[in-house]
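I am opening a notebook on this model and will write down what I looked up, in the order in which I looked.

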Amino acid sequence: MILRQFLHQEPVGASYLIGCAGRGVAAVIDPVGDLQPYVRAADAGRMRIAYVIDTHVHADHISAGPALARATHAEYVLFAQADVRIPFTPVRDGDTLPLGNVVIQVLHTPGHTPEHISLLVSDRTRGDEPWFVLTGHTLMAGDLGRTELATTAEQGARDLFRSAQRLAALPDYVEVLPGAYAGSACGRSLSGKPWSTVGFEKRHNKSLRIANEDAFIANMTSDIPPAPPNAASIRDVNAGRRHAV
């Protein structure tokens, strides 16, 4: 397996390239900005980009996903029920995306947004067990994603409670590769370390440790930070409902 993490500053976030060099295929997750770093990383591994996946319709930046998919003749992937007006390959909970010896399993993890997915990744050259999970803005190091950018804060929190429990049920050794870290507008108490493990977050992530649903909702709907500038407009652009200015 080849794994590359791309850390961004404006906005603060993380993108990923994962792939199988033996079969020459890769996927890019949540790309931001310039397309060339992803293309160069794939070329360096002698891989073609087969999938470009957005974990959700973003509200803090214009996604580079559709443009990267067009430039590399890849499939642009979103959750099947995403409310967008641009062409995409739909995936549902439990679907798998094959990348040679690397297998991506789709987990529907709504809460930050209704269409949010996480990606559970295994490398069959090492074992059938999952190795890491790409969690977007659902579970991050230190906290969980805000819940009011695409629905009401309470409904988002109710969905997120179930998604958080689902991710917490993964084996403790599974690595958490989130889509954001400290400085992002999509979380509150995020760590500056842009990766973690399920086990560590279960022990030290205060939001993830709340087992009562009502208490969880109260926690997630209090002290909500200011929304990213033009969040609604950015989501509309990423959904194809309006053109970027």
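**Entry 1: helix α2 and its surroundings**

I began with the cover over the buried residues of α2, and I found that it includes β3 (25–29), α1 (36–44), β4 (48–53) and β5. I keep in mind throughout that this is a predicted model. The buried residues of α2 are Gly65, Pro66, Leu68 and Ala69. Looking down the axis of α2, I find these buried residues within an arc of 165°, so they line one face of the helix. Just after α2, I noted that His73 has a positive phi of about 55°.

**Entry 2: helix α1**

Since α1 is among the elements that cover α2, I turned to α1 next. Which residues of α1 are buried? I listed Tyr38, Val39, Ala41 and Ala42. Around the axis they cover an arc of only 165°, which puts them on the same side of α1. The cover over these buried residues of α1 includes β1 (2–9), β2, β3, β4 and, in turn, α2. A positive phi of about 55° also turned up just after α1, where Arg46 takes it.

**Entry 3: strand β5**

I then checked β5, another element in the cover over α2. This strand is mostly covered, with four of its five residues buried. I looked up its pairing with β4 and found that the two strands run in the parallel sense and are joined over three bridges. For Tyr51, the bridge partner in β5 is Glu75.

**Entry 4: the largest pocket**

My next search was for open space at the protein, and for the largest pocket I recorded a volume of about 360 Å³. Its lining has 20 residues, of which Pro66, Ala67, Arg70, Ile86 and Val237 are the closest to the centre of the pocket. Three elements give two or more residues to this lining, namely α2 (65–72), β5 (75–79) and α6 (231–238). Which element gives the largest share of the lining? That element is α2, with four residues. I note that Pro66 appears twice in these entries, as a buried residue of α2 and as one of the residues closest to the centre of the pocket. By class, I counted the lining of the largest pocket as 11 nonpolar, five polar and four charged residues.

**Entry 5: enclosed cavities**

I moved on from the open pocket to enclosed space. How many cavities of 30 Å³ or more are there? The count comes to two.

The largest cavity holds about 70 Å³ of space. Its lining is made up of His8, Pro11, Val12, Gly13, Ala14, Asp30, Val32, His58, Asp60, His61, His137 and Gly179. Strand β2 (residues 12–20) supplies the largest share of that lining, three residues. I sorted the lining of the largest cavity by class and obtained four nonpolar, six polar and two charged residues.

For the second largest cavity I recorded about 40 Å³ of space. The residues around it are Leu144, Gly145, Arg146, Thr147, Arg188, Met220, Ile224 and Pro225. Here the lining divides into four nonpolar, two polar and two charged residues.

**Entry 6: the six-stranded sheet**

I next traced an open sheet of six strands, whose order is β7-β8-β9-β10-β13-β14 and whose pairing is mixed. The edges are taken by β7 (96–99) and β14 (196–197), each with a single partner strand, so one side of each is left without a neighbour in the sheet. Between β13 and β14 I found two bridges, and these strands run antiparallel. Across that pairing, Glu175 stands opposite Thr197 in β14.

**Entry 7: Pro178**

I closed with a single residue, Pro178, which I placed in strand β13 (residues 175–178). Is Pro178 buried or exposed? Its relative accessibility is 2%, and because the cut-off for buried is under 20%, Pro178 counts as buried. Leaving aside neighbours within four places in sequence, I found Pro178 in contact with Ala14, Tyr16, Thr135, Gly136, Leu139, Met140, Ala141, Pro194 and Trp195. Of these contacts, I looked up Ala141 separately: Pro178 and Ala141 are 37 residues apart along the chain, and their C-alpha atoms are separated by 7.3 Å. Ala14, another of the contacts of Pro178, is also one of the residues that line the largest cavity.

Definitions and conventions
Residues are numbered from 1 along each chain as its sequence is written. This is a predicted model: local features need pLDDT of at least 70, side-chain atom pairs count only at pLDDT 80 or more; totals for chains, interfaces and linings use all residues. Side-chain values use heavy atoms; hydrogens and water are left out. On a 1 Å grid over the protein atoms alone, a cavity is a set of points where a 1.4 Å probe fits but cannot get out, and a pocket is an open set with protein on both sides within 12 Å along at least five of seven lines; lining residues have an atom within 4 Å of a point. Grid points are joined across faces, edges and corners, and a volume is the space filled by probe spheres set on the points. Ala, Val, Leu, Ile, Met, Phe, Trp, Tyr, Cys and Pro count as nonpolar, Asp, Glu, Lys and Arg as charged, and the others, Gly among them, as polar. Buried means under 20% relative accessible area, exposed over 50%, partly exposed in between (1.4 Å probe, protein chains only). Contact means heavy atoms within 4.5 Å. The arc is that of the directions from the helix axis to the C-beta atoms. Two strands pair if DSSP finds at least two bridges between them.
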